[in-house]
Every structure is written in C-alpha cells, then in structure tokens.
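Me: Please take a close look at one part of this structure, the salt bridges, and walk me through them in a connected way. I am a first-year student, so plain wording is best.

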Amino acid sequence: MSGAVGSTAGGGTKTGREGVPRHRVTLIPGDGIGPEVASAARGVLDAACPGIEWIERAAGSVALAEHGDLLPEATLGSIRETRVAIKGPITTPVGTGFRSVNVALRQELDLFAAVRPTRSLPGVPTRHRGVDIVVIRENTEDLYQGIEFAAGSPQAEALRDELRRIAGLDVRPDAGVTLKPISVAGTRRIVRFAFEYAKANRRARITLGHKAGIMPTSDGLFLRTAREDPIDHGDVELEDVQIDHLTAQLVRGPGRFDVLLLPNLYGDIISDLCAGLVGGLGLIPGANIGWEYALFEPVHGSAPDIAGRGVANPIAMILSGGMMLRHLGELRAADAVETAVDTVLREGAVRTADLGGSSSTGAVADAIVASLPS
Ligand code: NAD
C-alpha cells in the first residue's frame, strides 16, 4: 500500500481546469476501519474538488509489516513535501510498549494544535440541541509526551533515587511513572492559536479546563500563562473551569460552551465526550495544525470491533476532508461537502448502524456525493 499512488492506484489523479493538479495531499489510510473510511472520503473529496493529487503512504501496523517501521521516513517525507495530509485512524496496541504512531506524527511534525468542532447535526436526535463547541487541544506536551519509566526498570529505580534525593519524595518501588511536562512556550503558542481561531471564527468565549489546584506546576502554569500572556483577546472572553466540573457542566448544558481550550490529555477525553453529545464518534472531524504542516483526521479510532465489515460511518472522515478543503482555500468545495453531509443526515434514509440505520460505508459516501450541490 505504500509508495506514491495518485495516478497508480485507486483511480488516478483528477486535475483542475488547467489540466494540472491544484493540490497535492498525502493520504494515510491507517488500519482497522481506516482504509474503509479513507476510501469513502477520497471519493467525496474528488467529487467536490477535482484537482487533488493523492500521495498514498503507510503508517502503523501496515507500515511495520511492509517496511519494518511504524512511521517510515517516506511517510514523514511525503507530508513534509505536500505539507497537507489526511489520515485514517491507526491502532495503538495497549500495554505493549508500542509507541503511538498518532502521537509520534504530531510530535515529529510539531502539530501543536488539535481542532475538533462538534455541532448538533440535522436528523441526529440527541438529548441536547444547539451544541456548537470547538475543542482546541494542546497536542505535544502533557502526559502524552512519552516520558515513561516502566515499573522495576533501572531507569525507574534511578528516578526514584533522584526524587528522594532532590525532593524527599517517596515513590513505591513497583510504580510505573509517566511525567507531565507543560511549558510556558508550549502553552503560549496554543493560547495564541486559540484566540486567533476564536477571533477569525467569530467565537465569543474560550473556556480553559484545568486541575490547577491539584497540579499547580503543570496545570497551574497552563492557567497562569493563559491569563497573563499579553496578547490581543479582541472581543473574546477567557474563563476557566476545573476539568471535573467542566465534564458535569458539559453533560448538563453544553449549549453555553463555545471554544474549549485544554491540555493534551483532557483534550483527548473531552473531545470524545463532546462527540457523544452530538451523536457519536462517527461524526466528529479533526485537524492537527502546526506552523508548517496540517494533518486532518477523525476523532475516532480504528474501531477493531467493526473493522472489515463495511459498516463504519465515514462522516467523521469526510468532514475531516471538508476541514482540509477549507485549509487549502477551497471554501466552496468545503461548504458543499458540509451541506451534502447535512442533507443526507436530515433525510435519514441512508445511514450507518451507529446512527440506527443499516447502510454501508460506501452507500453513505455515494449518497453524500449525490447530494453535493452542483
Ligand atoms: P474507537 O474510536 O476506535 O471506537 C470506540 C467505539 O466507537 C467502538 O464501539 C467503535 O465501533 C465506535 N466507532 C468509532 N468510530 C466509528 C465509526 N466511524 N463508525 C461507527 N462506529 C465507530 O476507540 P477505541 O476502541 O478506544 O480505540 C481503538 C484503537 O484506535 C486503539 O488502538 C486506539 O489507540 C486507536 N485510536 C487511534 C486514533 C487515531 O488514529 N487518531 C484515535 C483514537 C484511538
């Protein structure tokens, strides 16, 4: 599956009016349901925006089997060249010491901001109406930085000795330890990103989630830096809420929230909570943005429980593609994709099992293509 595809696999490269591709995009299908939803999304994006040249690259278990590397240099190199990528989910086996390819991609490419818009969708009945929340998650630091000390390892032993020596702290000898670094520099850039996003998208308020009372040196720094950084807030208000309290407020009355600004781990958890508020993981797109590169992917994972059956909901991946089109400046095509998704959901005749239907992944993609405004 690796290697440049575009014209050599999956149906060829479409061209723009001038006869040359308007955009080159790296496509990483991923694993589990990834290839199914990636193929569906590619079909919709090609229909909405002719002129994308797809460079297909492998990552995760597929890449390990073919290249002996979870994240081959050819994949990173392709993203560095095209600057824009879209990927399906990639499995991270639990408790094996297998490094998450998703986290590695965000760190290697310094994709420091995750943007995950969650809105109530037509035809999807949920407890709350009028939800319109954008989660902005710091993507490179916190407990996801990968600073891990395995229980019983010489490194964990050395860390225990050092903690006792420098701070009189006692860590149990059978403890595994994960460190939570949150820096001023890392916080400043995500705070600035959040305000720029809010101003550009006419958002009124940013709610910062934290647990600064319990972790004053990490979450406390995140909160203080956000409050004190002398940047132009425009008309955007900044408030903060303890993360546990925020979860309760979100499930009781999500309508009052606008933009949520969160450190890495809370951002991961709250994104899934927000997905649940509007109908589930099959619907929520995402973008990972850095200074140089942008990588678009759904919030959901590889869903091994339904993989290979052609029943996964492709809408999260298709809407991630819509975000990508907007990033590429293809605003009309992006609007068309979002409108077509809304039309198919509102009509309700074609939907996957997670939304109570029985349609296949491909049938949903076909219905969305058929609903694209001409
Ligand atoms: P998951 O999101 O894969 O699945 C959770 C539940 O939601 C499952 O019941 C699944 O069937 C359902 N679901 C998810 N996407 C769906 C879709 N498009 N249509 C219909 N139903 C859908 O979460 P998980 O089971 O915790 O994780 C599975 C694997 O995915 C793990 O290895 C995890 O590390 C990985 N993961 C990868 C990413 C990524 O690539 N960015 C993100 C999250 C999880």
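Reply: In this predicted model, R160 has a relative accessibility of 11%, so R160 counts as buried. The cut-off for that word is under 20% relative accessible area. The side chain of R160 meets that of E157 in a salt bridge, with 2.8 Å from N to O. E157 has a relative accessibility of 32% and therefore counts as partly exposed. This pair therefore joins a buried residue, R160, to a partly exposed one, E157. Both residues sit in helix 5, which spans residues 154–167; because they are 3 residues apart there, about one helical turn separates them.

As background, side chains of opposite charge can pair when their charged atoms come close.

A second pair is made by D229 and R192, whose side chains meet in a salt bridge at 3.1 Å, N to O. D229 belongs to the loop between helix 7 and strand 9, while R192 belongs to helix 6, so this salt bridge ties together parts that lie 37 residues apart in sequence. With a relative accessibility of 6%, D229 counts as buried. R192, at 38%, counts as partly exposed.

The loop that holds D229 follows a helix that is part of a crossover. Strand 8 (residues 205–210) and strand 9 (residues 237–242) pair in the parallel sense, over 6 bridges. Between these two strands the chain passes through helix 7 (residues 219–228), and the resulting β-α-β crossover is right-handed. Within the strand pairing, T207 stands opposite E239 of strand 9.

A third pair consists of D142 and K180, which form a salt bridge with their closest N and O atoms 3.6 Å apart. These two residues are 38 residues apart, and the pair links distant parts of the chain. D142 is in the loop between strand 5 (132–138) and strand 6 (148–149), and K180 is in the loop between strand 7 (177–178) and helix 6 (184–200). Helix 6 is also the helix that contains R192. Both D142 and K180 are buried.

Salt bridges can also be joined to one another. R24, E53 and E81 are linked in a network of salt bridges.

The pairs described here are a selection: a search of the whole structure finds 29 salt bridges. Among them are the pair within helix 5, E157 with R160, and the pair between two loops, D142 with K180.

Technical notes
Residues are numbered from 1 along each chain as its sequence is written. This is a predicted model: local features need pLDDT of at least 70, side-chain atom pairs count only at pLDDT 80 or more; totals for chains, interfaces and linings use all residues. Side-chain values use heavy atoms; hydrogens and water are left out. Two strands pair if DSSP finds at least two bridges between them. Helices (H or I, at least four residues) and strands (E, at least two) are DSSP runs, numbered from the N terminus. A crossover is right-handed if, with the strands pointing away from the viewer, the path from the first strand over the helix to the second runs clockwise. A salt bridge is a side-chain nitrogen of Lys or Arg within 4 Å of a carboxyl oxygen of Asp or Glu. Buried means under 20% relative accessible area, exposed over 50%, partly exposed in between (1.4 Å probe, protein chains only).
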